[in-house]
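Colleague: Please take a close look at one helix of this structure, the one you consider best suited to a detailed account. I should like to know how it is covered and how the parts around it are arranged.

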Amino acid sequence: MESKTDASLTSEELAAIEDEEVLNKMLDNTTDYEQRRMIRAALRDLMKKKREKREQERGSRQQDLKQQGLSKGGTTGAAVSIGRASMNQQSPTNKPPGQSCPPAGSRASPAEASAQKSPPAAAAPNAKNVKQMLLDWCRAKTEPYEGVDIQNFSSSWKDGIAFCALVHRFFPDAFEYSILNPNKPRDNFQLAFSTAERLAGCPSLLDPDDLVRMKEPDWKCVYTYIQEFYRSLVEKGLVKTKKRM
């Protein structure tokens, strides 16, 4: 299969690929519409298979524990505690409470200060076009992910799943996307921001507690964070482009 180009792969051959990173790279490098559609379908099927496999393994482990004399309630409680403990280990410690977006009259956030000083940003021909380009980039990168439909920089991000999908696209081994719960936005925000900070060097400009208190995130705050995440990826060499957003 390695000797073939992605343009010559059939849907059956794509379905045989069990590496998300390989399929993601193929999607990035393919311009043919039909091939992109087939690759996206293969990605969705792969993530569904992983989710089903994980659920089967979890059920098998619980059955084994029950056979060893552990109660069902104790097993479920332990699984939840382990999941939460793992997520807490990923989050930065001793982080002071903050606001998701600086109020009027306050100092600009690090991302905003960087944008003000950055020659490329100042040379941007049209801020509205840059915003749309960044939104299109987010939509393209999260297109294969279930539960993500990015239409704006506000309501599309309110449950944290879009943040997790965008981070997972570049760091697929960092966490298991298929087990995320859209009804736990704070956990999703914390997981996405801590992973981006740890692996991409992107500062956690947004505070999960502030975000969950809002009916919808402030688009300016989300836009500022995504700009910073994009710049961090460029600096890491994970995004190759001459246009910096």
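Modeller: A residue counts as buried when its relative accessible area is under 20%. The model is a predicted one, and the helix I have chosen is H8, which covers residues 161-170. Ile-161, Ala-162, Phe-163, Cys-164, Ala-165, Leu-166, Val-167, His-168, Arg-169 and Phe-170 are buried in H8. In other words, 10 of the 10 residues of H8 are buried, and the helix is mostly covered. For the chain, by contrast, 39% of the 245 residues count as buried. Cys-164 has a relative accessible area of 0%, and is therefore placed among the buried residues under the 20% limit.

The setting of H8 is helical. The chain holds 11 helices and 0 strands. Of the contacts between residues at least 6 apart in sequence, 60% join residues at least 24 apart. The buried residues of H8 pack against H2 (20-29), H7, H9 and H11.

I begin with H11, residues 219-236. Two packed helices are described by the angle between their axes and the distance between the axes. For H8 and H11, the axes come within 12 Å and cross at roughly 5°. Angles under 35 degrees count as roughly parallel, so H8 and H11 are roughly parallel to each other. On the H8 side, the residues in contact are Phe-163, Leu-166, Val-167 and Phe-170. They meet Val-222, Tyr-225, Ile-226, Phe-229 and Leu-233 of H11. By class, this contact has 9 nonpolar residues, with no polar and no charged ones.

H7, residues 127-142, is another helix on the list of partners. Its C-terminal residue, Thr-142, shows one part of the link to H8. Thr-142 has a relative accessible area of 2%, so it too is buried. Apart from neighbours within four places in sequence, Thr-142 is in contact with Val-148, Ile-150, Ala-162, Ala-165 and Leu-166. Among these, Ala-162, Ala-165 and Leu-166 are buried residues of H8. Leu-166 also takes part in the contact with H11.

H7 and H11 in turn meet each other. Their axes come within 11 Å and cross at roughly 70°. That angle falls in the range of 65 to 115 degrees, so H7 and H11 are roughly perpendicular to each other. H7 contributes Ala-127, Val-130, Lys-131, Leu-134, Trp-137 and Cys-138 to this contact. From H11 come Trp-219, Tyr-223, Ile-226, Gln-227, Phe-229, Tyr-230 and Leu-233. The residues of this contact divide into 11 nonpolar, 1 polar and 1 charged. Cys-138 has 0% relative accessibility and therefore counts as buried. Ile-226, Phe-229 and Leu-233 of H11 meet H7, and Ile-226, Phe-229 and Leu-233 also meet H8.

The remaining part of the account concerns H9 (185-200) and the loop that follows it. Ala-200 is found in H9, and it counts as buried because its relative accessibility is 4%. Leaving aside neighbours within four places in sequence, Ala-200 touches Phe-171, Thr-195, Phe-229, Ser-232, Leu-233 and Lys-236. The C-alpha atoms of Ala-200 and Lys-236 are 7.0 Å apart, although 36 residues separate the two along the chain. Phe-229 and Leu-233, which Ala-200 touches, are among the H11 residues that meet H8.

Cys-202 lies in the loop between H9 and H10 (208-213), and at 0% relative accessibility it counts as buried. The C-alpha atoms of Cys-202 and Phe-229 are separated by 5.5 Å, with their places 27 residues apart along the chain. Beyond four places in sequence, Cys-202 touches Ala-196, Glu-197, Tyr-225, Glu-228, Phe-229 and Ser-232. Tyr-225 and Phe-229 also take part in the contact of H11 with H8. A search of the whole structure for disulfides finds 0.

Asp-207 lies in the loop between H9 and H10 as well. Its relative accessibility is 9%, so Asp-207 counts as buried. Asp-207 and Phe-189 are 18 residues apart in sequence, and their C-alpha atoms are 8.2 Å apart in space.

In summary, H8 is mostly covered, and its buried residues pack against H2, H7, H9 and H11. H11 runs roughly parallel to H8 and roughly perpendicular to H7.

Conventions. Residues are numbered from 1 along each chain as its sequence is written. This is a predicted model: local features need pLDDT of at least 70, side-chain atom pairs count only at pLDDT 80 or more; totals for chains, interfaces and linings use all residues. Side-chain values use heavy atoms; hydrogens and water are left out. Helices (H or I, at least four residues) and strands (E, at least two) are DSSP runs, numbered from the N terminus. Buried means under 20% relative accessible area, exposed over 50%, partly exposed in between (1.4 Å probe, protein chains only). Contact means heavy atoms within 4.5 Å. A disulfide is a pair of cysteine sulfur atoms within 2.5 Å. Axes are lines fitted to C-alpha atoms, for helices over the stretch in contact, and angles run from 0 to 180 degrees between N-to-C directions. Angles under 35 degrees count as roughly parallel, over 145 as roughly antiparallel, 65 to 115 as roughly perpendicular and the rest as oblique. Ala, Val, Leu, Ile, Met, Phe, Trp, Tyr, Cys and Pro count as nonpolar, Asp, Glu, Lys and Arg as charged, and the others, Gly among them, as polar.
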